[in-house]
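Welcome, and please open your viewer. We will take this tour one selection at a time.

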Amino acid sequence: IKKICDLVKPTHGLITGLSDQHLELFGSLRAIAEAKFELTAAVDEPSMIIANSDSKPLIIDFERRSIAPVWYGLSERAVLEARNSKITADGLSFTINNTSFSGTVFGKAALNNLLGAITMAQNLGMNLEEIAKAIGTLTPVQHTMELKSGPGSTLLIDDTYNANTEGVVSALEDLEYTARSKRILVFSEVIELGEQTEEDHTHIVDAILTHTTHLMLLPSRLQKF
């Protein structure tokens with residue numbers, strides 16, 4: 001991150017979270033945090049840093065460093081409050097300061113990401129009406145919580161682009177926004193978790209059992225659980 005910042009010299013930055021993704025490569029969550037905060041070191045003003053208030057580890061690290069970013073998200077720390085939020089298989093909608101937003105993207109994580117984008121766009125000088133119009137043109141990112149119609153009345157949620165523990169659990173929670181009574185889950189293991197591998201996959205299995213009603217066959221690396 002520092003090398004890229006040295007090259008492009010960013011005036012603004014956005015940090016979406018702090019999790020154990022790529023933990024095996026970095027060695028520790030602290031090392032991941034140090035890499036993330038190379039971005040804040042490259043931006044002159046804390047007011048130009050947008051950060052996710054729904055990430056508790058991120059909040060702790062900002063407080064530890066005595067940096068006050070502009071917070072976004074669904075928590076009370078966020079500078080913009082999203083009200084009347086609604087998530088369905090057709091997309092999501094919400095209001096901010098009496099301005100209505102809607103888009104065809106799906107899931108609570110998508111809502112969180114949009115709030116980060118809105119906060120950054122406003123920080124860069126756009127007004128809420130301009131931002132709402134732009135969000136209305138968005139289409140789902142391919143293989144990222146992308147909804148597709150299947151045979152009959154089936155619905156396929158394609159989230160195969162990438163995977164981390166937090167994202168998998170979030171995707172499972174998003175099943176509540178669909179009306180399908182029968183659910184079939186197909187996915188592989190989450191990689192690069194190092195010593196956290198067993199604990200994280202156990203957490204994923206617990207989440208699977210919470211959001212489904214039937215036993216299922218798991219990939220071979222998970223069968224021991």
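Two strands are said to pair if DSSP finds at least two bridges between them. Keep that in mind as you explore, and remember that this is a predicted model.

**Stop 1: the first pair of strands**

Select residues 83-88, which are strand 4, and then residues 91-96, which are strand 5. How many bridges join strand 4 to strand 5? There are four, and the two strands run antiparallel. To see one partnership up close, click on Thr 88: its bridge partner in strand 5 is Gly 91.

**Stop 2: across the hairpin**

Now add residues 99-103, which are strand 6. Strand 5 and strand 6 pair over five bridges, again in the antiparallel sense. One place to look is Ser 93, whose bridge partner in strand 6 is Ser 102. Follow the chain from strand 5 to strand 6 and you trace a hairpin with two residues between the strands. Pause at Asn 97 in the turn, where phi is positive, about 50 degrees.

**Stop 3: the whole sheet**

Show the three strands together. They form an open sheet in the order 4-5-6, with antiparallel pairing. Which strands are at the edges? Strand 4 and strand 6 are, since each of them pairs on one side only. From one strand to the next, the twist averages 10 degrees.

Next, turn on the side chains of strand 6, which alternate. Thr 99, Phe 101 and Gly 103 point to one face and are buried. Ser 100 and Ser 102 point to the other face and are not buried.

**Stop 4: helices on the sheet**

Select residues 108-123 for helix 6. This helix packs on the sheet and touches strand 4, strand 5 and strand 6. Its direction makes about 40 degrees with that of strand 5. Then select residues 128-135 for helix 7. Helix 7 lies across strand 5 and strand 6, and runs at about 15 degrees to strand 6.

**Stop 5: helix against helix**

Keep both helices in view. Two packed helices are described by the angle between their axes and the distance between the axes. Helix 6 and helix 7 pack at an angle of about 140 degrees, with their axes 10 Å apart. The two helices are therefore oblique to each other, and their crossing is right-handed.

Finally, display the residues where they meet. From helix 6, pick Leu 114, Ile 118, Ala 121 and Gln 122; from helix 7, pick Leu 128, Ile 131 and Ile 135. This contact has six nonpolar residues, one polar and no charged.

Key:
Residues are numbered from 1 along each chain as its sequence is written. This is a predicted model: local features need pLDDT of at least 70, side-chain atom pairs count only at pLDDT 80 or more; totals for chains, interfaces and linings use all residues. Side-chain values use heavy atoms; hydrogens and water are left out. Axes are lines fitted to C-alpha atoms, for helices over the stretch in contact, and angles run from 0 to 180 degrees between N-to-C directions. Angles under 35 degrees count as roughly parallel, over 145 as roughly antiparallel, 65 to 115 as roughly perpendicular and the rest as oblique. A crossing is left-handed if the near helix is turned anticlockwise from the far one by less than a right angle, and right-handed if clockwise. Contact means heavy atoms within 4.5 Å. Ala, Val, Leu, Ile, Met, Phe, Trp, Tyr, Cys and Pro count as nonpolar, Asp, Glu, Lys and Arg as charged, and the others, Gly among them, as polar. Buried means under 20% relative accessible area, exposed over 50%, partly exposed in between (1.4 Å probe, protein chains only).
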